[in-house]
Each structure stands twice: as C-alpha cells, then as structure tokens.
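Reader: I would like to learn how to read the features of a structure like this one. Could you walk me through them?

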Amino acid sequence: MNPEHLLHDLIPTPTTPAGTEPDDTFDVPAELRRISADVARIRRGQQPPPGWWAEQQQARQCLEAVVATELSTTPLARIADLAALADLADLVEQPAAAGSGRRRARHRGRVEDITQEIEGFRLFGCVLYLAGHPVSAEFWWKIGAGARDRISAWCLYLHHLGRGEIGEARLWFEQAVQAAEGLAPGVPAPAVPDMPDYFRTAPLAMDTRTAAAAAPVGALAREVDRLVMHTGDDTDGLVSCPDRRLADRLEEYAGLS
Amino acid sequence: MNDDTFTGNGIGPAVHEPVDLPLDFEAYFLVKNKGFRRYAAEMLGDQAVGDEVVREVFTHLALNWDQVLAGPDFESHTWDVLTGAVMYRVHRLRREHELAARLRQTRRKLDQMHQALARVEGGAGLYAALADLPARQCDTFILRTTMGYTAEYTAQILGIHPRTVDYHHRRALTGLERLLTDRHVLRRTAAVPGPRREGADR
C-alpha cells in the first residue's frame, strides 16, 4: 500500500443529503443583479423590507440599551453583588480548592441576601453580553429569570427575538410581564394587550437612546476574556464564574459611564 | 451610475438594472454565498426557500454595508443576521417540528455510526483511526467532513456553539493525521500546515 500524502486524499467526498447541496448552476452575476435591484427598490420605498429586519434589529438595539443601562446605572454598591457571586464561585469549586474552609466562612459573611445574588447573576449576564459572550450571558440570565428576575427574563426575551427564535421569545416575554406576587399595594399589575403577536412588537416602542451612552468596553472585554475556559470539550469558549478582579474592573467601568 | 436607469420611476425587469453594489460587498458575496445558502437549505430543508432568505440577508447587508463593516465583530454579526432570518422563516413556515425531527434523525444516524465504528477492530485505515478519536471530535468529523454539513448546522445538531464545532473539527483533523502518520497510512511529511504536536514528524 502506498502511503498517501494528505489526510484529504483518504476522506471520501461528502455525501450531502439530497436537496441541500447548492447546485453549481447557481448564477452569481444574476443574483448580484437581483440584490442590487432589491436594494434600489427598498431605498426608493417601492418594496417593503422583509419582516425580520426591523424586528430583529430593534430587538438587538433594545437589548444593548437594557444592558448598557443596567451597567451604567448600577449603583457601585451593587458591584458588590458580583463580588458576592465570585465568592459563590469559590464555594462551587470548593471541593477541589485547597484551604477552602476560610473561603466558605468569607462567603457566608458576604451573601446575606438572595435578591442581591440574583442581581449579581443578571449583572454578570449583562457584562458577558456586552463583552461579546452571548451564549454565556444567556446562561446567567436564565438563572436570574429562573429566580423570577424580570429584567433577566426581559433580556432573554430580547435576545431570542433578535435571533428569530420566536417560540423562546414568547416564553420569556410572558415570564417578564407576569404579574409578580410581590407587587406593592396599590401598584397595578403590568397590562399586556390580549393580542396573539403583541410580544413581538414591544421593542418597536422602546426607547433605545441610552445605548449610545455606554462607555467603551475594551478593558472590560479583555478582563472577561481572561475568564474564558479553554477546556477542549463542549464548555470550551464559555465563560466561567466571575472573580474579584472582574468586580473591581466593573467598578471602574461603572465609574466611567 | 445608476441614476439614468432609474429615472422615470419605472420598474423594469431586475436583470436589466446594472449592479450598483460596493465592491467589497460583492467580494464578500462571492466568498460567502455558497456557505450561507447551504446553511439556509439545511435549516429549512428546501434550497429554493433557503436561497430566498439568503437573498434577503445579502440585500440587508448591502443596504447597511457601512454600518456592518464598522461593527465590532463583522463575521459574527453577519452570521447572526443570517441565522435570525432563517429562524424567522422557519417559524413563518411553521417548520419548527420538521427541523427538530431532522436534527433528531441526524443525531440517530450519528449514534449508529458510533456503534459501527466501535465494532471496527484493528486495521490501519481511516475508520479505525476515527474510532480512536475522542467522541466529540469524531462527531464533528463525521458531520462536517463525511456528511458535509456546515459548522453552524453541525452546532445545531450537537447543541454546541459553532466555534466549538470548528475547534473540535480542527483537533479531529490534526488527531487523525497524527494517528494515521504513526500507523504509516500517511507519509511523514509536513505537507499540511497547522498545529502539530512536537515529534510527530521526522
């Protein structure tokens, strides 16, 4: 047997399922002409853009606004939530960590309040989203939303709507606008019109101006990248728990905005 | 350039209008249209509808080209736009269940292939080497290389991130190369660039 030079020579040609392999007869110049014509017609207002354009762009902008607002209006005291979360991370890793008895004691001392912890989840989700880690952000928002945090649920709603995942968007929308049991006396429950697709139109009415006010995320993003796991398995590229250093950077960041 | 054609507000047949698109957009289209169309067809189960969605996406990108170029992460943004548009269409055509069924079917097929590979004993061929790879690397190799799916559709099947798929796939290729070189199926040359473990060649 003659050894082959390249792995490529050994591999059989992909057998794509019927109907999913683009034919070679695809006419590129004609397609470009059509795109050019569509662009011109949409610019002249002679053709409506497809439905997903406005919906998804608006949802993304809204999410950016919510996230930016969440981070820039965060009282510095709440940054401590993230530090508390870092303590929690210590606790989770505790079986593996040496000398963790002290850490556990410190943890007990810091996280007194479950609501503070939930805010920490939400806040960390927002930091991750802003730093370009939407998959990891989703994870923390889900924990927050699971603990009935409405802003986390609202973030998830906008996140999924922006990705065209209508089913998930509906689910989180309903979670976000659900009448909370904790309403103060005299506060009306949020009113949602009884229309089948109402949940998809909400971002169109939202104010997205705050998005422009966010400070540049460069340093913060680098700090988050430091936490990205390089495990070589399916968690590769995900961001693990926050640590104290990130909490410090976030404090600086909140001071900038 | 296009003004004279468009005077009189007449809508002629699309093909007679001259192409008036940014040059770098056209280049991007040339590079990406095949992958985009493949992914859309995989998700929608239909090349014609997929092509329609991809045209919408490229039209959208062309209309907002300057903005798209100025964005922080160009490549991931264009993919976000594509996957968003595709999912929107999946929902509009009520094909969510169909898509889920197709994903399940592919996962089953993958399981069967794993079982078949586990039965391969000894030998120095590609399939014997494939059976020796870690499961995830084997998965991505089968889906990407043997079945020819896009990284993004592979990610849907496996329920992981497309970048993770790329990572596993790269590792699978280098792993296979090393295994096959050690077994003298491949010649010991450094013909394929890329990360190689020290001592694997020469």
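Author: Gladly; we will take the helices, the rings, the cysteines and the loops in turn. This is a predicted model, in which local features need pLDDT of at least 70 and side-chain atom pairs count only at pLDDT 80 or more, while totals for chains, interfaces and linings use all residues. Residues are numbered from 1 along each chain as its sequence is written, chains are lettered from A and ligands numbered from 1 in the order in which they are written, and side-chain values use heavy atoms, with hydrogens and water left out.

Reader: How many helices and strands are there in chain A?

Author: Helices (H or I, at least four residues) and strands (E, at least two) are DSSP runs, numbered from the N terminus. Chain A has 12 helices and zero strands. Of its 257 residues, 43% count as buried, where buried means under 20% relative accessible area, exposed over 50%, and partly exposed in between (1.4 Å probe, protein chains only).

Reader: What span does helix H8 of chain A reach from its first C-alpha to its last?

Author: The expected span of a helix is 1.5 Å times one less than its number of residues. H8 of chain A (residues 150-162) has 13 residues and reaches 18 Å, close to the 18 Å expected. Helix H10 of chain B (residues 162-182) has 21 residues and reaches 30 Å, close to the 30 Å expected.

Reader: Is H8(A) mostly covered or uncovered?

Author: Mostly covered: 11 of its 13 residues are buried, including Trp154(A), Cys155(A) and Tyr157(A). Contact means heavy atoms within 4.5 Å. The buried residues of H8(A) pack against helices H3 (51-72), H6 (114-130), H7 (134-146), H9 (166-177) and H10 (198-201) of chain A.

Reader: How many aromatic pairs does the structure hold?

Author: Rings of Phe, Tyr and Trp (its six-membered ring) pair if their centres lie within 6.5 Å; planes under 30 degrees apart count as stacked, over 60 as edge-to-face and the rest as tilted. Over all chains there are 20 aromatic pairs. In one of them, Phe29(B) and Phe58(B) have ring centres 4.7 Å apart and planes at 70°, so the pair is edge-to-face. This pair links distant parts of the chain, 29 residues apart: Phe29(B) is in helix H2 (residues 23-44) and Phe58(B) in helix H3 (residues 47-63) of chain B. Both Phe29(B) and Phe58(B) are buried. Ring pairs also link them into a cluster whose members include Tyr28(B), Trp65(B) and Trp79(B).

Reader: Why is there no bond between Cys155(A) and Cys126(A)?

Author: A disulfide is a covalent bond between the sulfur atoms of two cysteines. The cut-off here is a pair of cysteine sulfur atoms within 2.5 Å. The sulfur of Cys155(A) has its closest cysteine sulfur in Cys126(A), 4.5 Å away, which is too far for a bond. Cys155(A) counts as buried, at 0% relative accessibility. Over all chains, the structure holds zero disulfides.

Reader: What is the phi of Arg148(A), and where does this residue lie?

Author: Most residues other than glycine have a negative phi. Arg148(A) has a positive one, near 65°, and lies in the loop between H7 and H8 of chain A. Arg148(A) counts as exposed, at 56% relative accessibility. In chain B, Arg94(B) also has a positive phi, near 55°, in the loop between helix H5 (74-92) and helix H6 (96-119). At 68% relative accessibility, Arg94(B) counts as exposed.
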